[in-house]
Amino acid sequence: MTENQPKEKQESSQYEYSFNYIQKKLEGKKDSLGMLMKEIIRTGICTECGTCAAVCPVLEWDHELGEPKLVGKCTGCGICYNQCPRTITDPIQLMGDFKTGYVSNTNIPEVIGGQDGGTVTSLLCYLFDEHLIDAAIVTMKDPENPWNPVAQIITTKEDAIKSSGSIYSHSQTVEALMDAIRQDYRSIAFVGTPCNIDAVDKMMSSPAGMLKYFMRAHVLKLGLFCMDSFAPEALYSFFDKEGVDLKQVKKMDINKGKFHLYYDPDKEPVKSYTIKQLDKFKSSSCNFCTDLTAENSDISVGSVGSGPNKNTVFARTGIGAEIIEDAAKKGYLKIEPFNAINLNAVLFLAKLKKVSQYNIQKRKVFIVKDTIEEEPRIKTKPEAEKSKTTPELGARKFLRVTKDINEEENVLNISITNSVGYVLEKLKIRIVTVEDLFESRPWITTIKELFPYETIEIGYPLEEKEGKIIYGNVLVEASTDDFGKIFSKTFKLVPKEV
């Protein structure tokens, strides 16, 4: 931009962001073959189509290893990386389409010091003050159960300020949106993570979508960047064991790969954990999600790449860009151009999110037997003492249990699947034969970790008499140290029909 450019031209172009930098950043470089091996071959997502070898004169396909092999001097042209169907070199595919990028932070005194840059709260204040919305859908903390998310309909600027802060768990915001429409609110701001934004977008635009029939209801989608969401039942139990008093926690924050807990937001965190430490508490649905930046929103807001107390913001639609610019002009926000430095972190995380669909943990089936290995992951033994009964948790379904009798081996196979969506630790399975009010032949299986939707199979030997199975009733119970008894059911055994 030159000094002789008209002022109007400078103002209109300073926030325009060219895709050229993103394209250049994503495409192959001099180490293209190394990038291809690291990102595609070694991670196991190669399709073995052979395109890299087909387009490069110094690569050929190694049929024994199932990967490309260098047979000449690499010139670093990047063609092998660029032509691979698994690499992401299209910026729209990686981050979604957007008109303008910003770095922003609040200019409202009551919001300063809130979550990151306070951009979402400031936008809601602007929208209410300007009478552009009748209501907003947000997630707030449950007053009766600290840090459990509750979706709420709010109608004032004061409520918007009260709702500030992040809760890293799933929230049923779409239900609150439908309630707002039924209550005749016509212009609604919807704040949600990418998965909830996708739901609203589908309801508004798909052939079977419901919201397109509510022609009087306009929904402005404010999307939040999201890498992972956590199961509160498991995560908060872990915090409790770590000595964290959730009632005293005023702020939770994820920054630079760590999850921070604050009793006082103006002081150092009382506890910090790496995201890797908390991975076992992550919602299993996040393994399937490939959207970091809420690509289907009108405005996307996150903290990745923007620095302390600021937000990264993408205006994806015309109305989104107008709202951000006008909010800044009227003093609700401070904005500055988004640049290459800000983008690096976003590109890195967005790329990790996109390839996550190829790295979903494969579930395995284990036949549980006696073992002499040191500290096995799954350990089975006869019960030494009576299992302690703990209070039942109610209707939440932690496990799915099925049975099958192997009459050739005289074994009852019990299949147990983790259906709760997060890792169950120190799972104790108790199987016992029940006759009238008496129990006999108790058997205990201890499982160190049962991953979401993983299935194990436990073989329970059945009692025989004169070479024939004695059919009766078998009680299966499951418990954990954290939740107590989570499953109890008596199965009636009958011979298989011939």
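**Strand E3 and the H7/H12 pair**

In this predicted model, Val103 of strand E3 has Glu336 as its bridge partner in E13.

Q: OK, so how many bridges join E3 to E13, and which way do the strands run?
A: There are 5 bridges between E3 and E13 (residues 333–337), and the two strands run antiparallel.

Q: And E12, in what sense does that one pair with E3?
A: Antiparallel, over 5 bridges, with E12 covering residues 311–315. Take Thr100 as an example: its bridge partner in E12 is Ala315.

Q: Is E3 mostly covered or mostly open?
A: Mostly covered: E3 spans residues 100–106, and 7 of its 7 residues are buried.

Q: Which residues point which way from E3?
A: Thr100, Tyr102, Ser104 and Thr106 go one way, while Gly101, Val103 and Asn105 go the other, and all are buried.

Q: Why the every-other-residue pattern?
A: Because side chains in a regular strand alternate between the two faces of the sheet.

Q: Switching to helices. At what angle do H7 and H12 cross?
A: Roughly 85 degrees, with the axes of H7 (residues 119–129) and H12 (residues 318–329) coming within 10 Å. Angles of 65 to 115 degrees count as roughly perpendicular, so H7 and H12 are roughly perpendicular to each other.

Q: Which residues meet there?
A: From H7 you've got Leu123, Tyr126 and Leu127, and they meet Ile323, Asp326 and Ala327 from H12. By class, that contact has 5 nonpolar residues, 1 charged and no polar ones.

Technical notes: Residues are numbered from 1 along each chain as its sequence is written. This is a predicted model: local features need pLDDT of at least 70, side-chain atom pairs count only at pLDDT 80 or more; totals for chains, interfaces and linings use all residues. Side-chain values use heavy atoms; hydrogens and water are left out. Axes are lines fitted to C-alpha atoms, for helices over the stretch in contact, and angles run from 0 to 180 degrees between N-to-C directions. Helices (H or I, at least four residues) and strands (E, at least two) are DSSP runs, numbered from the N terminus. Angles under 35 degrees count as roughly parallel, over 145 as roughly antiparallel, 65 to 115 as roughly perpendicular and the rest as oblique. Contact means heavy atoms within 4.5 Å. Ala, Val, Leu, Ile, Met, Phe, Trp, Tyr, Cys and Pro count as nonpolar, Asp, Glu, Lys and Arg as charged, and the others, Gly among them, as polar. Buried means under 20% relative accessible area, exposed over 50%, partly exposed in between (1.4 Å probe, protein chains only). Two strands pair if DSSP finds at least two bridges between them.
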